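Got your viewer open? Let's take a walk through this protein, one selection at a time.

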Amino acid sequence: MASVETAAEHERILREIESTDTNCIGPTLRSVYDGQEHGLFMEKLDARIRNHDREIEKMCNHHFQGFVDSITELLKVRGEAQKLKNQVTETNRRLQDDGKDLMSSMEELKQCRVQQRNIATTIDKLTHCLPVLEMYSRLQEQMKAKRYYPALCTLEQLEQTCLPRAGQYRFCSIMAENIPKLRIQIRDTAMAQLRDFLESIRKHSDKIGETAIRRAQLQRSLDSSVSPQPRALIGRRSRREAAAGTESDGQGGSPSSEQDSGILDVDEEEEEEVPGAQDLVDFSPVYRCLHIYTVLGLRDVFENYYRKQRRKQARLVLQPHSNMHETLEGYRRYFNQIVGFFVVEDHVLHTTQGLVNRAYVEELWELALSKIIAALRTHSSYCDDPDLVLDLKNLIVLFADTLQGYGFPVSQLFDMLLEMREQYGEILLKRWNITFRQVLDQDNYSPIPVSTEDEFRHYTSQFPLQDPELEKLPFPKKLPFSEFVPKVYCQLKEFIYACLKYSEDLHLSSTEVDDMIRKSTNLLLTRTLSHCLQYGIKKKNVGLAELVQVIINTTHLEQSCHFLEEFISNITNIPPDTVNATKLYGMSTFKDARHAAEAEIYTSLNTKIDQFLQLADYDWMAAVQGGGALTASDYLIDLIAFLKSTFSVFTNLPGKVAQTACMSACKHISTSLMQLLLDPELRQISMGALQQLNADVQECEGETPRLLHAFMCLLQHCAKDEVEIMSVLKINPRTGSPRFMTSSIYSVSLLHQNWLRRTS
């Protein structure tokens, strides 16, 4: 019963699948999969599919014979159609062959008749048009020969006279149409030549400027030879370093090109007469283009174009190379291009009527001047070579003089040179700082030995030594100062010369030059040399002997300051006692250095004493030694020996310095001994320790006369008589020892006695 129901259900599902749209077959199929007879249903489905396949096959077999018959008939028709096509093609070919000869004959006949008609018409009309053709031919020849102004005249005559008489013909219309084109061609050709001219002078502005600068340089030389300067070192155009540099570095080949390029060949060997801008440059493209544009009624257009292009070129010329500051040649090329640009503009200004005017040129120059000054300030700030700065200054002066000769104001350039003077001074100070340090490092800090008169004169020619007693001494002898003194003095003079070189040709008065040199020299003394002396004094390896020599050296340099004053006055021709004249600060500089050296001597001496005192090793609980007197401690004996040898080194020191050194040493010894007794960590002292300290104090008191003897020998080089020595030393009339020494020792002795009382 279940199998019958299942079969009926499967039959229903199959009918539903056959009759239902495929979009709605989902639920039906789901019911099959949900059931338990899935395999049986698939067998039913396969059987149903085989039944339908048999029905389809039967239907196809029933209609197949009719289809085959239709195809057979169609193939027969195709053969007949192909035959018909071949017949039509053959008929068309024969027709074309028969008509080709006819068409050729008719075309030839047509061409002959057209030619006959045209020839007749041409012969008839040419008799009326020959003048027009002849004039047009002349126009073409003028265009070919680049005679543009006659060509413009021919165009004018052809347009206004000949063409109206010839009538309305095609070639006349063509000519009439070509006349504006020819005008444009003439205008464009002239403009192209102008562009070539502008490009050429842009490329060769360096050469043009170089020639103009050489011309101005030659004129300066002639002016100098006709009216020489009263002094060789002062005044405008007194030296020719910049001139020599320009002539030596500025030799180059002349650019050669076509005539329309604007640059003409110049013989470089003609040194006596330097060519001007009109000799180097062919300005005919400018004049030709100006005249053509004037005839065409476009003068304003041409003027605006020319000025616009020259402004663009001016911006290019005024743009310096990024590495211009590295060499003088970079600056020279920059200046040559600028001079070349303005020389051309000046010539155009004076040889054309209104192409450029004075206001336009002045506007360009103001623009150029601001950019030049900005570029020079920027690039010169990178320079750290004083020689290059000096050469640059001379080059700027020559550049300014050249343009001033063409009427351009250059006062701002000279103002900028005065600003550069500060930079030049700073660079000089840096170089001299290195020089002074090298001199200090190479100095041996020893008096200079001289064996012959020539050696003595050699050193006295470098440094103004005023010592009659030294001159009377026989050879060999020693100068009191070391090599440092003449070298520094010579370097000071070299610095003054370097400052003076920059002041030349700046249109400054002698007073201004003198003030500038003195201020720079003061900076050198108070800042550079002072720091170098401090550097030499504070070095670690400088001993007492070197410090003593530094004091002697600075003393002699201080004494030479008035010679530097006279030296500056001689080269500037300004008396040193002039009102408002700047004074040199050299004396205070050397005094400060000497005081620093003296303080370093005191400090070094006390440090050495401390090193000896550090060797003191008192046994504060030592027992009393019986029999015989106690001997002084070894460290104290070595210390006294050191002081004796040190005082003998102070031979050439001023008495005040030697006195202060001795007083400082004795006071430092007494203070240190007192600190040993007053040490808060010292809780107990035995009688034996006090006896040893008493022996050391007695040794100091006993050695005081011998130290006094060495010190008096030292002072004999400075004091005038024995009374002065006694007053300096403050001799105690009862003991014969100097009070400043015995007072300190006495303080220690008194403290020692107090300890004895306390212990007893």
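Start with the cysteines. How many disulfides does the structure hold? The count is 0. Keep in mind that you are looking at a predicted model. Two cysteines are still worth a click. Select Cys-289: its relative accessibility is 0%, so it counts as buried. Now jump to Cys-490, which has 25% relative accessibility and therefore counts as partly exposed, since partly exposed covers the range between 20% and 50%.

**Zoom out**

Show the whole thing as a cartoon. There are 26 helices and 2 strands to find. The protein has 760 residues, and 42% of them are buried. Next, think about which parts of the chain touch each other. Take the contacts with a separation of 6 or more: 77% of these are between residues 24 or more positions apart.

**Stop 1: the start of the chain**

Select helix α1, residues 2-19, and pick out Glu-18 in it. Is Glu-18 buried or exposed, or something in between? At 43% relative accessibility, Glu-18 counts as partly exposed. Show what is around it: apart from neighbours within four places in sequence, Glu-18 is in contact with Arg-48 and His-52.

**Stop 2: a phenylalanine and its company**

Move on to helix α11, residues 328-351, and highlight Phe-335. Phe-335 has a relative accessible area of 1%, so it falls under the 20% cut-off and is buried. What is it in contact with, leaving aside neighbours within four places in sequence? Select Ile-372, Leu-376, Leu-392, Leu-395, Ile-396 and Phe-399, and you have the answer. Then add Glu-210. Glu-210 is 125 residues away from Phe-335 along the chain, yet the C-alpha atoms of the two are separated by 8.5 Å.

**Stop 3: α11 beside α12**

Keep α11 on screen and add helix α12, residues 358-380. The two axes come within 11 Å and cross at roughly 175°. An angle over 145 degrees counts as roughly antiparallel, so that is how α11 and α12 run relative to each other. To see the contact, show side chains on both helices. On the α11 side you will find Phe-335 again, along with others including Tyr-331, Ile-338, Phe-341 and Phe-342. Among the α12 residues that meet them are Val-361, Leu-364, Trp-365, Ala-368 and Ile-372. Try colouring this contact by class: you should get 15 nonpolar, 3 polar and 3 charged residues.

**Stop 4: α10 joins in**

Leave α12 where it is and add helix α10, residues 299-317. Here the axes come within 11 Å and cross at roughly 20°. That makes α10 roughly parallel to α12, because the angle is under 35 degrees. The crossing is right-handed. Which residues make this contact? Select Arg-307, Arg-310, Arg-311 and Ala-314 in α10, then Tyr-360, Glu-363 and Leu-364 in α12. Colour by class once more and you get 3 nonpolar residues, 4 charged ones and no polar ones.

**Stop 5: some backbone oddities**

Switch to a backbone view. Here is a handy bit of background: most residues other than glycine have a negative phi, and most peptide bonds are trans. Now go to Phe-475 and Pro-476, which are joined by a cis peptide bond with omega at about -5°. You will find Pro-476 in the loop between α16 (468-472) and β2 (477-479).

Next, select His-507, in the loop between α17 (484-503) and α18. His-507 is not a glycine, but its phi is positive, at about 60°. At 40% relative accessibility, His-507 counts as partly exposed.

Then head to Asn-573, in the loop between α20 and α21 (586-613). Asn-573 is another non-glycine residue with a positive phi, this time about 65°.

**Last stop: α18 and α20**

Finish by selecting helix α18, residues 510-538, together with helix α20, residues 561-572. Their axes are 10 Å apart and the packing angle is about 150°. That makes α18 roughly antiparallel to α20. Their crossing is right-handed. Where do they meet? From α18, show Ser-510, Val-513, Asp-514, Ile-517, Arg-518 and Thr-521; from α20, show Glu-565, Ile-568, Ser-569 and Thr-572. This contact divides into 3 nonpolar, 4 polar and 3 charged residues.

Conventions: Residues are numbered from 1 along each chain as its sequence is written. This is a predicted model: local features need pLDDT of at least 70, side-chain atom pairs count only at pLDDT 80 or more; totals for chains, interfaces and linings use all residues. Side-chain values use heavy atoms; hydrogens and water are left out. Axes are lines fitted to C-alpha atoms, for helices over the stretch in contact, and angles run from 0 to 180 degrees between N-to-C directions. Helices (H or I, at least four residues) and strands (E, at least two) are DSSP runs, numbered from the N terminus. Angles under 35 degrees count as roughly parallel, over 145 as roughly antiparallel, 65 to 115 as roughly perpendicular and the rest as oblique. A crossing is left-handed if the near helix is turned anticlockwise from the far one by less than a right angle, and right-handed if clockwise. Contact means heavy atoms within 4.5 Å. Ala, Val, Leu, Ile, Met, Phe, Trp, Tyr, Cys and Pro count as nonpolar, Asp, Glu, Lys and Arg as charged, and the others, Gly among them, as polar. Buried means under 20% relative accessible area, exposed over 50%, partly exposed in between (1.4 Å probe, protein chains only). A disulfide is a pair of cysteine sulfur atoms within 2.5 Å.
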